[in-house]
Structures are given as C-alpha cells and as structure tokens.
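Trainee: I would be grateful for a close look at one buried position in this model and at the part of the fold that surrounds it. Please begin with the residue and then work outward to the helices and the core.

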Amino acid sequence: MILPVTMRRRLKIVLGIGCALFFGGCAWIPKGDQPAQYLEAPEMTETLAEVTSRLQNWPEDRWWEQFGNPELNGLIEQSLNDNPGLKHAAARLRQATSLVKVEGARLLPFLEADASLTYERISQHGVFAALNPEVAGIKIMYGIINPLSFRYEFDFWGKNRAMLEAALGHAAAEEAETAEVRLRLTTGIARAYFRGQALQQQLTIVKTIVGIRRELKTLAETRFRLGLDNDQPVKIAVADYEAAFKRQAAIRDQLDVQRHLLARLVGKGPDEGAHLFAKPKVIVPSQIAAPDHLSLGLLVHRPDLAAALYRAHAASRLVRVATTQFYPTIDLTGFVGFNALTLAKGTDKLANFLFSGQSFTYGLAPGLRMPWFEGGRLRGELGAQRAEYDAAVELYNDTLLEAMREVADSLSAWQTTNEIMASHKRLVASLGDDWRLAKVRLVNGLDDDREVLRHRYPVLEQEYALRALESDQLVAAVDLIESLGGGYHNPDIEKRPKQNPS
C-alpha cells in the first residue's frame with residue numbers, strides 16, 4: 001500500500017520528533033570528576049628479609065590447633081557455635097544473599113494471576129450519570145478473572161544487570177566480613193587465653209614469693225627477739241611481705257578479668273570461665289606461615305581487604321545503575337482472562353456471563369517512560385553514587401596500607417620476642433646456678449637460710465618475667481597469623497577489578 005504524500009510527511013515528522021525525544025532523554029548526564037584509583041600494593045621484600053627462614057606457607061584455617069592445647073581448642077569451637085557477634089554477622093550474610101534473589105528477579109518477567117468481584121452503586125451525580133442519565137442509581141456486579149498477567153522491563157541499558165551485580169558484590173562483602181568477624185573472634189580468644197594462662201603461672205610464682213617473704217619476715221622477727229638484729233630488718237621484711245601479698249591480689253584480679261573476657265567471647269556468662277587455664281602449657285610454634293609475595297598475597301588472604309574490594313566493586317555497579325536512570329525505560333505488560341458486568345438483580349447470571357466465550361479478553365501494553373525533567377534528582381543521585389564509589393576505593397586503599405603495617409609490625413614483634421626469649425632463658429639459667437650454689441653453701445654451713453631465700457627470690461622474679469615473655473611471644477604469633485588472614489582464602493579475588501565506573 002502506498003501512503004499519500006501528506007501522510008508520509010506527517011509520519012516522517014512524527015518519527016523525527018520521536019527519535020529526538022527518545023535520544024534526548026540521556027543528553028544531560030554530567031561528566032563528573034576523575035574516579036578514584038586503586039592503590040598499587042607496595043612490596044615488602046626488606047620487611048620479610050630477616051624472617052624469611054621462619055616463614056613457609058599461609059596459616060591453616062584451623063590455625064589454633066598448632067598450639068596443641070585442648071582447652072584453647074574447646075573454647076574456640078564453642079565460640080564458633082555460640083558467639084552472638086558471629087551469629088549477627090551470619091544473619092547479615094543471609095540477608096544479603098536473599099537480596100541477591102530480589103535483584104535477580106528483575107531480569108525475569110513477572111507472572112501472576114488475579115481475580116476480583118465488585119459490587120457497586122452508580123452515583124446519581126457522578127461522571128457516569130452525567131454521561132448517561134439512565135445508569136444513575138443502578139447497582140452492578142463486576143467480575144474479573146485473569147489467570148495470566150505479566151509484566152517485563154527490557155534491560156536495554158544494563159540497569160537490572162548492574163543492580164544484580166551490586167547485590168552480588170554486597171553479598172560477597174558480607175561473606176568476607178563474616179570471615180573477618182570469625183578471625184577477630186578466634187584471635188581474640190587465643191590472646192586472652194595465652195595472657196590468662198601466663199597470669200595463672202605468674203600467680204603460682206607470686207604465691208611462692210609470698211611464702212619466701214613470709215619466711216624472711218619470720219626469720220627477721222626471730223632474730224629481733226633473740227637480740228641478734230635491731231627492728232630495721234623486721235620493718236623491711238614486713239614491707240616486702242605486704243608488697244608481695246598486694247601483688248598476689250592484683251594478679252588474681254587480672255586473671256579474673258581474662259576469665260570473664262573469655263566467657264564473654266565464647267558467648268557464656270562469667271561463671272563459665274571460673275575453671276579455665278587448667279590444661280598444660282601451649283606449644284610455641286617454631287614456624288608460622290607467610291607468603292612469598294606478601295603485598296599481592298594479602299589481596300586474597302585478608303578478609304577485610306576482600307570485603308573492601310567487593311564493596312568498591314558493588315559501588316561501581318551502582319554508579320552504572322544511576323547512569324541508566326537518565327535513559328528511557330521500556331516495559332511490556334499484558335493479561336489474558338475473562339470479565340463480565342451485570343445488574344445487581346441479575347447476579348445469578350454473572351457466572352454464566354463470566355465464563356462464556358464472549359467474555360474472553362486480553363490486552364498488551366508496551367510502555368515508554370523518559371526522564372525529561374526530574375528537578376536535579378537524577379544528577380544528585382549520580383553524584384552521590386560516584387562519591388560513594390570514590391569513598392569505597394579509598395577505603396580499600398586505606399585498608400591495604402593498614403594491612404601492610406600490621407603485617408610488618410607483627411613480623412617485627414614476633415622476631416623480637418623470639419630473640420628476647422632466648423636471652424631471658426639464659427639469664428634465668430644463670431640465676432638458677434647462683435641459687436644452687438647458695439644451697440650448697442647452706443649445706444656446708446657457709447651461709448644461713450636467709451641467703452638461700454634471697455638467692456631464690458631473683459630466680460622467681462625472672463621466671464615471673466619469663467611467663468610474661470612467653471605470653472608476649474604467643475600473642476605475637478597470633479598477631480602475625482591474624483595479619484596474614486588466619487587461613488582465609490578467596491579465589492574470586494585473584495585480581496582487582498579494572499572497570500571504569502563512569
């Protein structure tokens with residue numbers, strides 16, 4: 001069929017105006033500033049140089065078992081089941097996973113069925129009465145049954161796909177943050193346990209010191225009564241005894257604090273920690289795992305870095321979503337069903353009318369919405385999303401630098417505590433020799449009991465300090481394991497995303 005010239009001109013004009021309006025909807029997208037850039041991870045060759053001989057592979061996921069303490073293992077296992085903070089993180093993860101399903105549904109058509117039955121009296125002064133006075137005041141019944149209704153939004157610009165990817169990024173970030181909570185929880189329990197065990201051993205030593213001070217006080221009082229000394233040694237002995245007794249009370253209080261902390265981390269009341277630290281000493285690991293290329297390895301072995309990276313990726317997808325809001329939205333809706341209308345007095349006939357072939361109905365409605373003017377809302381949302389992306393990238397950069405610092409500090413502390421421990425053990429052995437020599441002199445009658453007790457006191461003091469150093473060494477090992485990710489591994493983040501969010 002050949003259209004008349006006038007109609008063809010009108011059609012061209014309409015199509016031209018339609019194309020101009022269609023493509024004009026995305027003409028006002030602001031350019032924006034240069035997006036934030038990912039920081040290149042610095043190498044740590046010099047930092048690792050001094051400890052390379054003691055570093056092998058990454059920590060295992062159940063890293064705490066290498067310390068060989070059943071009580072510690074039991075505490076951590078219980079905390080993984082009962083700690084409220086870990087349960088809260090798991091609930092957030094389930095929520096984020098559910099939101100992925102919500103966003104994924106946008107890519108599929110919505111299918112539903114609906115039915116309704118309406119009883120209505122037509123107003124005598126309404127629109128229908130004005131158009132047709134004969135229907136004024138009548139009562140009607142209107143039935144609708146649509147066994148199939150659908151609507152579908154065409155994702156030409158990738159908006160729904162970007163929303164799904166953003167939801168996936170948030171879910172992955174929540175999963176990494178759950179791993180981070182688990183890591184912080186287990187390392188926190190290990191630190192508290194090691195400090196508590198050291199305090200338990202120090203309390204035993206201080207009790208022995210109190211006994212020595214009591215014996216020296218008794219000896220001083222005896223010599224004073226016998227007239228062998230004046231009261232000055234008695235006063236000094238009493239002061240030393242009271243100071244040791246006060247020290248014992250302070251250690252007991254610190255031990256209770258660690259017990260209460262462990263009970264809290266496990267997810268129990270304070271009484272649950274009343275009988276802790278009864279198991280044998282823990283084993284100090286001779287080697288702790290670490291990577292060959294620490295700066296790159298941290299990307300997949302630190303849950304906080306993984307979470308920050310996923311957040312930045314999700315933010316970049318939301319920038320894409322905000323950009324597509326400037327484009328037209330095209331959707332399609334339709335229905336297939338039956339509807340019928342009858343007067344109220346003919347209600348008994350409604351069912352016959354409704355399911356007759358003549359009441360069959362269907363409809364198809366393509367839709368187009370174009371954002372010509374939104375009062376600056378779309379530009380504001382795009383600017384906010386771009387700023388959120390920049391903030392997420394800079395948070396990742398800051399997390400990366402902090403991770404490198406933590407690794408360097410923990411490596412240094414671990415190496416230093418090992419050296420100090422070796423030196424202090426030699427000191428304790430030397431003082432032990434002096435004590436044994438004093439006992440020999442006592443047996444030979446060259447010294448009295450006071451000299452033996454005085455030589456034993458510095459040995460106990462250095463053993464007291466040794467327990468603290470052992471605790472520091474174990475805590476440094478835990479710090480290093482935590483800074484290396486504690487066995488966490490995420491194969492999804494072998495490389496950082498390189499997409500341009502603009």
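**A buried leucine and its surroundings**

Mentor: Leu-305 lies in helix α9. The model is a predicted one, and the values below are computed from it. The relative accessible area of Leu-305 is 1%; because the limit for a buried residue is under 20%, Leu-305 counts as buried.

The contacts of Leu-305 show what encloses the residue. When residues up to four places away in sequence are not counted, Leu-305 touches Leu-298, Leu-299, Tyr-396, Thr-399, Leu-400 and Ala-403. There is a further relation to a distant part of the chain: Glu-180 is 125 residues from Leu-305 in sequence, yet the two C-alpha atoms are 9.5 Å apart in space.

From the residue we may turn to the packing of its helix. Two packed helices are described by the angle between their axes and the distance between the axes. For α6 and α9 the angle is about 165° and the axes are 8 Å apart. That angle makes α6 roughly antiparallel to α9, since angles over 145 degrees are placed in that class. The crossing of this pair is left-handed. Sorted by class, the contact of α6 with α9 contains 15 nonpolar, three polar and ten charged residues.

Helix α6 has a second partner to consider, α7. Here the axes come within 8 Å and cross at roughly 160°, and α6 and α7 are therefore roughly antiparallel to each other. α6 passes α7 in a left-handed crossing. The residues of this contact divide into 24 nonpolar, seven polar and ten charged.

A contrast in geometry is offered by α3 and α4 (residues 84–104). These helices pack at an angle of about 45°, with their axes 6 Å apart, and are therefore oblique to each other. On the α3 side the contact is made by Ser-79, Leu-80, Asn-81 and Asp-82, and on the α4 side by Pro-84, Leu-86 and Lys-87. By class, three of the residues in this contact are nonpolar, two are polar and two are charged.

These helices lead to the nonpolar interior. The largest nonpolar core has 52 residues, and those that touch the most other members are Trp-63, Phe-67, Leu-72, Ile-189, Phe-194 and Leu-262. At least two residues of this core come from each of α3 (70–82), α6 (159–225), α7 (232–266), α8 (294–301), α9 (303–324), α11 (377–443) and α12 (449–483). α6 gives the largest share, 15 residues. Leu-72 illustrates how the members meet: with residues up to four places away in sequence left out, Leu-72 touches Trp-64, Phe-67, Ile-189, Ala-190, Tyr-193 and Phe-194. Apart from the largest core lies another one, of eleven residues, which includes Ala-312, Ala-315, Leu-382 and Tyr-389.

Two further buried residues belong to α11 and α12. Thr-417 is in helix α11 and is buried, with a relative accessible area of 13%. Aside from neighbours within four places in sequence, Thr-417 is in contact with Asp-472, Gln-473 and Ala-476. Ile-481 has its place in helix α12 and counts as buried at 0% relative accessibility. Ile-481 is 74 residues from Val-407 in sequence, and their C-alpha atoms are 9.0 Å apart.

For a buried residue in a strand, consider Gly-334 in β3 (residues 329–343). Its relative accessibility is 8%, so Gly-334 counts as buried. Not counting residues up to four places away in sequence, Gly-334 touches Leu-148, Ser-149, Phe-150, Gly-363 and Leu-364. The C-alpha atoms of Gly-334 and Ser-149 are separated by 5.8 Å, although the two residues are 185 apart along the chain.

Finally, the whole chain gives these details their setting. There are twelve helices and four strands in the chain. Of its 502 residues, 40% count as buried. Among the contacts with a separation of 6 or more, 86% join residues 24 or more positions apart.

Notes
Residues numbered from 1 in each chain as written. Predicted model: local features only at pLDDT ≥ 70, side-chain atom pairs only at ≥ 80, totals over all residues. Heavy atoms only, no water. Core = buried A, V, L, I, M, F, W, Y, C linked by side-chain atoms within 4.5 Å. Buried < 20%, exposed > 50% of the residue type's maximum accessible area, 1.4 Å probe, protein only. Contact = heavy atoms within 4.5 Å. Axes fitted to C-alpha atoms, helices over the stretch in contact; angles between N-to-C directions. Parallel < 35°, antiparallel > 145°, perpendicular 65-115°, else oblique. Left-handed = near helix turned anticlockwise from the far one by under 90°. Nonpolar A, V, L, I, M, F, W, Y, C, P; charged D, E, K, R; others polar.
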